[in-house]
Amino acid sequence: MLDEREARQVAQNLGLQAIGTLGILLLAKNRKIITQVQPLLDAMINTAQYWVSRSLYEQVLRQAGELID
């Protein structure tokens, strides 16, 4: 699990698949480990000061089936 751009590049150069925090949340929902992404993502943003752009936030929730246009 990697979120830093440089670490992701190193992983890709080594032929490894990198997955970030948001990808882990989506994977956990898909595997029914968690029921919702939004409460966890909101807590990361509000409590842990995790930064995510509004467009990425919406994209993740759309992929999780939790945001409908």
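A nonpolar core, as the term is used here, is a set of buried Ala, Val, Leu, Ile, Met, Phe, Trp, Tyr and Cys residues joined through side-chain atoms within 4.5 Å. The model in question is a predicted one, and the largest such core in it has 13 residues. Within that core, Leu22, Leu25, Val37, Leu41 and Val60 have the most contacts. Helix 2, helix 3 and helix 4 each chip in at least two residues, with helix 2 giving the most, at four. As a rule, nonpolar side chains in soluble globular proteins tend to be buried together.

As for the overall layout, the protein is built from four helices and zero strands, and reading along the sequence gives the pattern α-α-α-α. The C-alpha trace spans about 35 × 25 × 20 Å along its principal axes. Of the 69 residues, 25% are buried. Looking at contacts with a separation of 6 or more, 29% of them link residues 24 or more positions apart.

Helix 2 deserves a look of its own. This helix runs over residues 21-30, and its buried residues are Thr21, Leu22, Leu25, Leu26 and Ala28. These residues sit on the same side of helix 2, because they cover an arc of only 160° around the axis. The general background is simple: an α-helix has 3.6 residues a turn, so residues three or four places apart point the same way. Among the elements covering the buried residues of helix 2 are helix 3 (38-46) and helix 4 (54-63). Just past the end of helix 2, Lys32 takes a positive phi of about 65°.

Next comes the pairing of helix 2 with helix 3. Their axes come within 10 Å and cross at roughly 155°. An angle over 145 degrees counts as roughly antiparallel, so helix 2 is roughly antiparallel to helix 3. The crossing of the two is right-handed. On the helix 2 side, the contact is made by Thr21, Leu22 and Leu25; helix 3 brings Leu40, Leu41 and Met44 to it.

Leu22 keeps turning up in this picture. It is one of the buried residues of helix 2, it is among the residues with the most contacts inside the largest nonpolar core, and it takes part in the contact with helix 3. Leaving aside residues up to four places away in sequence, Leu22 touches Leu41, Tyr50, Val52, Leu56 and Val60. Two of these partners, Leu41 and Val60, are also listed with Leu22 among the residues with the most contacts in the core.

Note on methods
Residues numbered from 1 in each chain as written. Predicted model: local features only at pLDDT ≥ 70, side-chain atom pairs only at ≥ 80, totals over all residues. Heavy atoms only, no water. Buried < 20%, exposed > 50% of the residue type's maximum accessible area, 1.4 Å probe, protein only. Arc of directions from axis to C-beta. Contact = heavy atoms within 4.5 Å. Axes fitted to C-alpha atoms, helices over the stretch in contact; angles between N-to-C directions. Parallel < 35°, antiparallel > 145°, perpendicular 65-115°, else oblique. Left-handed = near helix turned anticlockwise from the far one by under 90°.
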